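Hi,

Here is the structure I said I would pass on. Have a look at it first, and my notes follow underneath.

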Amino acid sequence: MNVAAAVCLLLGSALSLTAGVGLMRFRTTLDRMHAGTKPQVLGVLLVLLAMWLHRPTWAYAGPLLLVGVSQVITVSVAAYMVARAAYTRQSSDDDTEFPSPDDRSED
């Protein structure tokens, strides 16, 4: 069980890290929205699974399940709201882009 918990913890933290990197690397709102929702939710769910595998009792399962369900619901609602706002602006290319490395070197 501890090996499975360690694997889930490492995979979950790696996915959460890639979500953070994706938020910094992608340039448009919709790209960032995708990077911030998909791997991040799976990463959190894997970390929660690792926590339960470390102490597999029903006393821990309830709160962890509640956290997992609320994470899935809130992230999907937030992604919908961001996509709706980007659509309302009629463009996924907006002025919230980070400057490219070439633009930063000119300053």
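The side chain of R32 comes to 3.1 Å from the backbone oxygen of F26. R32 belongs to helix α2, and despite being an arginine on paper it counts as buried, at 13% relative accessibility. Please keep in mind throughout that this is a predicted model.

There is another contact of that kind in the same helix, so let me go there next. T37 sits in helix α2, which runs over residues 29-54. Its side chain reaches back to the backbone oxygen of M33, at 3.0 Å. Is T37 buried or exposed? With a relative accessible area of 14%, T37 is buried, because the cut-off for that is under 20%.What does T37 touch, leaving out residues up to four places away in sequence? The answer is V75 and A79. Both of these are in helix α3, as the entries for V75 and A79 show, so I'll take them one at a time.

**V75**

V75 is buried, with a relative accessible area of 14%. Setting aside residues up to four places away in sequence, V75 touches T37, Q40 and V41. For V41 I can also give you the spacing: V75 and V41 are 34 residues apart in sequence, while their C-alpha atoms are 7.5 Å apart in space.

**A79**

A79 has a relative accessible area of 15%, which makes it buried. With the same sequence neighbours left out, A79 touches M33 and T37. That brings M33 up again, since its backbone oxygen is the one reached by the T37 side chain. The C-alpha atoms of A79 and T37 are separated by 7.1 Å, and their positions lie 42 residues apart along the chain.

**S76 and V77**

Next, two residues of helix α3 that are not buried. Helix α3 covers residues 58-88, and S76 is in it. S76 is partly exposed, at 42% relative accessibility. From the C-alpha of S76 to that of T37 the separation is 7.4 Å, with the two residues 39 apart along the chain.

V77 is also in helix α3. How accessible is V77? It comes out at 47% relative accessibility, which counts as partly exposed. V77 helps to make a nonpolar surface patch of about 600 Å², together with L65, V69, I73, Y80 and M81. You may want to colour those six in when you open the model; the patch is easy to pick out by residue name.

**The annotated stretch**

Which residues does UniProt mark as a transmembrane region? According to the unreviewed entry there, the annotation covers residues 58-82. In the model this span is 100% helix and 0% strand, and its end C-alpha atoms lie 36 Å apart.

**The whole chain**

Now for the overall picture. How many helices and strands are there? The protein has four helices and zero strands, and read from the N terminus the order is α-α-α-α. Of the 107 residues, 25% are buried; T37, R32, V75 and A79 are among them.

As for contacts, take those between residues at least 6 apart in sequence: 74% of them join residues at least 24 apart. The accessible surface of the protein is about 7,600 Å², and carbon and sulfur atoms account for 69% of that.

That's what I have on this one. If you only look at one spot, I'd start with T37 and its contacts to V75 and A79.

Cheers

Conventions. Residues are numbered from 1 along each chain as its sequence is written. This is a predicted model: local features need pLDDT of at least 70, side-chain atom pairs count only at pLDDT 80 or more; totals for chains, interfaces and linings use all residues. Side-chain values use heavy atoms; hydrogens and water are left out. UniProt positions are given in the numbering used here, feature names are shortened, and annotations may be inferred rather than shown by experiment. Buried means under 20% relative accessible area, exposed over 50%, partly exposed in between (1.4 Å probe, protein chains only). Contact means heavy atoms within 4.5 Å. Accessible areas come from the Shrake-Rupley method with a 1.4 Å probe; for residues, only the protein chains shown count as cover. A polar contact is a pair of N or O atoms within 3.5 Å; within protein, one must be able to donate a hydrogen and the other to accept it, and residues adjacent in sequence count only if both atoms are side-chain atoms. Patches are made of residues with over 30% relative accessible area and no salt bridge: like charges are joined within 9 Å, nonpolar side chains (Val, Leu, Ile, Met, Phe, Trp, Tyr) within 5 Å. A salt bridge is a side-chain nitrogen of Lys or Arg within 4 Å of a carboxyl oxygen of Asp or Glu.
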